[in-house]
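Visitor: Could you take me through the charged pairs of a protein model, and explain how each label is decided?

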Amino acid sequence: MAGADYASNDHVALKTDLPLIGDAGYHIVSLAELVDRFRAEQSGRPAHSHGARCVAITFDDGPEYDAVDCLHPTLGPQRSFLGTLQDFAQSPAGRGQADICATSFVIACPAARKVMEDTTRSGPYYLHAGAMNDDWWSGAIDSGLMAIANHSWDHLHPALPRVAHSRQARADFTQVDNQGDADAQILDAARYIAGRTNGRAVPFFAYPFGHYNRFLVEEYFPDNRSRVGIEAAVTVDGRPVRTTDSIWTLPRFSCGYNWTTPAELLELLKNA
Ligand SMILES: [Zn+2]
């Protein structure tokens, strides 16, 4: 939320984008559904009956603005992503998207979230005191329109006095290159998030900064599937998902980076 228009405010952009995605011929599905379809296509099983191409919507970092409307100090009232999804679901266009459910990737560590609040009180990453709470996670799941998933223990956030990493690596998730550090960032986060959602989080991971490495993709995730409980992971490599992709590096397009206007999003969807 840096301004009031599409290019500077993801909340404004989402409201415009939801009907646009349907108009472009896409079915909006949960990330779980997208992963199911990806697996089916990868293994050569027949595609789902929907036929149409699909889009899964995700949000990273999890301020409560994902699910709770807020009053921005200079921009005024802001509809949450969940509120925007609910408004859309009740509209004529939304009734044609009966499977819509977005996924919010949240940061687990309460102390780390508190530091993030204290260090980002203005600018495009504006957070008010308490904005990074985890009280909204379970209610968001109850809505049926939002799932909660794992965005690491502390994001190796550069503002933190200490991060859960053996070499205190910050702002570089490629440094999570061994079992101990991966457990501290991914398994511990999964356990905390499961605890706060009565075990109802979805089994997906979003790499902080979109950073991944050979260890995580080829060893940690595939070898620890049942122990860690993660079934797929997403990057920010800006391209469509292909059956040739790894389930551990599913790419995503990011609003504000890969597109900044509705016309640019339409172009991405047409060419996908
Ligand atoms: Zn992030």
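**Salt bridges and their labels**

Guide: Arg-79 forms a salt bridge with Asp-87, their closest N and O atoms lying 2.9 Å apart. This is a predicted model, in which local features need pLDDT of at least 70 and side-chain atom pairs count only at pLDDT 80 or more, while totals for chains, interfaces and linings use all residues. Residues are numbered from 1 along each chain as its sequence is written, and side-chain values use heavy atoms, with hydrogens and water left out.

Visitor: Why is the pair of Arg-79 and Asp-87 called a salt bridge?

Guide: A salt bridge is a side-chain nitrogen of Lys or Arg within 4 Å of a carboxyl oxygen of Asp or Glu, and the N and O atoms of Arg-79 and Asp-87 are 2.9 Å apart, so the pair qualifies.

Visitor: What makes Arg-79 partly exposed?

Guide: Buried means under 20% relative accessible area, exposed over 50%, and partly exposed in between, for a 1.4 Å probe and protein chains only. Arg-79 has 35%, and therefore it counts as partly exposed; Asp-87, with 38%, is partly exposed as well.

Visitor: How do you know that Lys-114 and Asp-118 meet in a salt bridge?

Guide: Their side chains come to 3.3 Å, N to O, which satisfies the cut-off, so the name applies. Lys-114 and Asp-118 are 4 residues apart in helix H5, and are thus separated by about one helical turn.

Visitor: Which residues are linked in a network of salt bridges?

Guide: Arg-113, Asp-134, Asp-135 and Arg-196 are linked in this way. Within the network, Arg-113 and Asp-134 have their closest N and O atoms 2.8 Å apart, and both residues are buried.

Conventions. Helix = DSSP H or I, 4+ residues; strand = E, 2+ residues; numbered from the N terminus.
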